[in-house]
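Student: I should like to examine this structure by asking what justifies each label attached to it. May we begin once the structure is in view?

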Amino acid sequence: MAENSADGVAFKSQVNDALQLARGIGASDAQLQVLEDARERGELTLDAAREAARLPVQCLIDAGLDAQYEVDSYDGGMAFPRYAVAAETVDASDGQMPIVDERDRQNLQAVQWRYAVQPSWEAQRDACVQSEQRALCTCLENEDISPDVDADGLELAERAVELMNSTSYQGDDCLLEVDIDAY
């Protein structure tokens, strides 16, 4: 990413915000370092997001929880590293939920937030959505919605989101119908 591009400047500003958030919530030095490296590089790489997603796993295992590293894969080749804790191993009455929340704040929360909204991720997601323009239009028409004839895939996706957020709507989720799972 070009250092002087509008996206590069915006990304650095957003990473600075993420660093401020991370410090405010008690992030670990490791999470802060991932964010500082991203600011210098101009992007938060998949490898850095993977590293951050692995950080809480051993801490959670040491606390007696069944935790594991996972990666969600989305259309267009996007990957979202995360960890999961088996629900049956978390006993809220034993105070384990605060442990999960604390490890998340310390090791991953700010990195995941920044990773999912960086320009390269959004561009990849948007390209995927654009490629489904015709299918989105057909789905909306099947739901008796007449989209603007000039609407692109992103505008159609926004219309599908608005439709799903409508309290009276009972139809299909057009994004899921056309296999858009990261919007």
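**Labels and their grounds**

Tutor: The chain comprises nine helices and two strands. Please keep in mind that this is a predicted model.

Student: In what order do the elements of the chain run from the N terminus?

Tutor: The order is α-α-α-β-β-α-α-α-α-α-α. The C-alpha atoms fill a box of roughly 55 × 45 × 25 Å along the principal axes, and 36% of the 183 residues count as buried.

Student: Why is Gln-31 called buried or exposed?

Tutor: Buried means under 20% relative accessible area. Gln-31 has 0% relative accessibility, so Gln-31 counts as buried. This residue belongs to helix α2, residues 29-41.

Student: What makes the pairing of the Gln-31 side chain with the backbone nitrogen of Val-111 a polar contact?

Tutor: A polar contact requires a pair of N or O atoms within 3.5 Å, one able to donate a hydrogen and the other to accept it. The backbone nitrogen of Val-111 lies 3.1 Å from a polar atom of the Gln-31 side chain, and the pair is therefore listed as a polar contact.

Student: How do you know whether Gln-112 is buried or exposed?

Tutor: Its relative accessible area is 18%. The limit for buried is under 20%, so Gln-112 is buried. Gln-112 is placed in helix α5, residues 109-116, and its side chain reaches the backbone oxygen of Pro-81 at 3.0 Å.

Student: What makes Arg-82 and Glu-70 a salt bridge?

Tutor: The criterion is a side-chain nitrogen of Lys or Arg within 4 Å of a carboxyl oxygen of Asp or Glu. The closest N and O atoms of Arg-82 and Glu-70 are 2.6 Å apart, so the pair qualifies as a salt bridge. Arg-82 lies in strand β2 (residues 79-85) and Glu-70 in strand β1 (residues 67-73), so the pair ties together parts that are 12 residues apart in sequence.

Student: Why are Arg-82 and Glu-70 described as partly exposed?

Tutor: Partly exposed covers the range between the limit of 20% for buried and that of 50% for exposed. Arg-82 has a relative accessible area of 24% and is therefore partly exposed; Glu-70, at 21%, also counts as partly exposed. Salt bridges that share partners join Glu-70, Asp-72 and Arg-82 into one network.

Student: How many salt bridges does a search of the whole structure find?

Tutor: The search finds seven. One of them joins the side chains of Arg-50 and Asp-47, with an N to O distance of 3.2 Å. Both residues lie in helix α3 (residues 46-62), three residues apart, about one turn of the helix.

Student: Why do Arg-50 and Asp-47 receive their accessibility labels?

Tutor: Arg-50 has 26% relative accessibility, between the two limits, and so counts as partly exposed. Asp-47 has 54%, which is over 50%, and so counts as exposed.

Student: What distance supports the salt bridge of Arg-125 with Asp-126?

Tutor: The closest N and O atoms are 2.8 Å apart, which is within 4 Å. Arg-125 itself counts as buried because its relative accessibility is 18%.

Student: What makes Asp-144 and Asp-179 noteworthy in their phi values?

Tutor: Asp-144 has a positive phi of about 65° although it is not a glycine, and Asp-179 has a positive phi of about 65° although it is not a glycine either. Asp-144 lies in the loop between α7 (133-142) and α8, whereas Asp-179 is in the segment after α9. Exposed means over 50%. Asp-144, at 72%, is therefore exposed, and Asp-179, at 52%, counts as exposed.

Student: Which residues gather with Asp-179 in a patch of negative charge?

Tutor: They are Asp-172, Glu-177 and Asp-181, on the surface. Asp and Glu count as negative, and a patch takes residues with over 30% relative accessible area. Asp-172 has 38% and is partly exposed, so Asp-172 satisfies that area limit. Asp-172 is located in the loop between α8 (153-165) and α9 (174-177).

Methods: Residues numbered from 1 in each chain as written. Predicted model: local features only at pLDDT ≥ 70, side-chain atom pairs only at ≥ 80, totals over all residues. Heavy atoms only, no water. Patch = residues over 30% accessible without salt bridge, like charges linked within 9 Å, V, L, I, M, F, W, Y side chains within 5 Å. Areas by Shrake-Rupley, 256 points an atom, 1.4 Å probe, with all protein chains shown as cover. Charge placed at Lys NZ, Arg CZ, Asp CG, Glu CD. Helix = DSSP H or I, 4+ residues; strand = E, 2+ residues; numbered from the N terminus. Buried < 20%, exposed > 50% of the residue type's maximum accessible area, 1.4 Å probe, protein only.
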